[in-house]
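Reader: I have this structure open next to its sequence, and I'd like to talk it through with you before I go back to the bench. Could you take my questions as they come?

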Amino acid sequence: GGLVKHHTCNANLMRNGADFSVYINTGQEFDGSDSGASPEEAISWGKIRIDAKPVKVCADATIAFPLIVSQTFAKDLQAYKE
């Protein structure tokens with residue numbers, strides 16, 4: 001939701017913005033909610049660095065997050081076990 005996103009992004013203000021950002025939510029921009037705000041809005045506040053390449057995934061996190069994790073560091077899990 002918006003509250004968790006808000007506090008996480010605000011914490012990055014103290015370090016001059018986040019280097020990376022992936023938003024996974026179903027929030028839309030038109031309703032004015034914090035969870036629906038675009039990454040460009042966070043860049044304008046300095047929450048994300050201007051040279052970062054943020055991504056917004058419009059999907060339910062319970063579906064999208066496991067898929068994203070499975071294609072990142074978890075992809076080579078067997079190699080780490082050896």
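Reader: How much of the chain counts as buried?

Author: Of the 82 residues in this predicted model, 26% count as buried. The chain exposes about 6,000 Å², and carbon and sulfur atoms supply 61% of that area. Taken along the principal axes, the C-alpha atoms fill a box of roughly 45 × 30 × 20 Å.

Reader: Which residues make up the largest nonpolar core?

Author: That core has 5 residues, namely Cys9, Tyr23, Ala42, Ile48 and Ala52. Two of its members, Tyr23 and Ile48, touch each other, and leaving aside neighbours within four places in sequence, Ile48 is also in contact with Gly17, Ala18, Ser21, Pro39, Ala42, Ile43 and Pro54.

Reader: Let's stay with Tyr23. Where does it sit, and why does it count as buried?

Author: Tyr23 belongs to strand β1, which spans residues 22-25. Tyr23 counts as buried because its relative accessible area is 6%, and the cut-off for that label is under 20%.

Reader: And what does Tyr23 touch, if you skip residues up to four places away in sequence?

Author: On that basis Tyr23 touches Lys5, Cys9, Ala37, Ser38, Pro39, Ala42, Ile48, Val55, Lys56 and Val57. Asp34 is 11 residues from Tyr23 along the chain, and the C-alpha atoms of the two are separated by 12 Å.

Reader: Which residues of β1 are on its covered face, and which are on the uncovered one?

Author: Tyr23 and Asn25 form the covered face of β1, while Val22 and Ile24 form the uncovered one.

Reader: In what sense do β1 and β2 pair?

Author: The pairing of β1 with strand β2, residues 55-58, is parallel and runs over 4 bridges. Within that pair, Ile24 stands opposite Val57 of β2. Together with α2, the two strands make a right-handed β-α-β unit.

Reader: Stepping back, in what order do the elements run from the N terminus?

Author: The order is α-β-α-β-α-α, and the chain has 4 helices and 2 strands. As for contacts with a separation of 6 or more, residues 24 or more positions apart account for 64% of them.

Reader: Now the loops. What is notable about the phi of Asn16?

Author: Asn16 has a positive phi of about 65° although it is not a glycine. For comparison, most residues other than glycine have a negative phi. Asn16 lies in the loop between α1, residues 2-11, and β1, and it counts as exposed because its relative accessibility is 61%, where the label requires over 50%.

Reader: What about Glu29, is it buried or exposed?

Author: Glu29 is exposed, with a relative accessible area of 53%. This residue is found in the loop between β1 and α2, and once neighbours within four places in sequence are set aside, Glu29 is in contact with Gly36, Ser38 and Lys56.

Reader: One last thing, about confidence. Which element has the lowest mean pLDDT, and which the highest?

Author: Helix α4, residues 77-81, has the lowest mean pLDDT among the elements, at 71, and helix α2, residues 39-45, has the highest, at 92. For the chain, the mean pLDDT is 86, and 94% of the residues reach 70 or more. As a general caution, where pLDDT is low, the predicted coordinates should not be read in detail.

Methods: Residues are numbered from 1 along each chain as its sequence is written. This is a predicted model: local features need pLDDT of at least 70, side-chain atom pairs count only at pLDDT 80 or more; totals for chains, interfaces and linings use all residues. Side-chain values use heavy atoms; hydrogens and water are left out. pLDDT is the predictor's confidence in each residue, from 0 to 100. A nonpolar core is a set of buried Ala, Val, Leu, Ile, Met, Phe, Trp, Tyr and Cys residues joined through side-chain atoms within 4.5 Å. Buried means under 20% relative accessible area, exposed over 50%, partly exposed in between (1.4 Å probe, protein chains only). Contact means heavy atoms within 4.5 Å. Two strands pair if DSSP finds at least two bridges between them. A crossover is right-handed if, with the strands pointing away from the viewer, the path from the first strand over the helix to the second runs clockwise. Accessible areas come from the Shrake-Rupley method with a 1.4 Å probe; for residues, only the protein chains shown count as cover.
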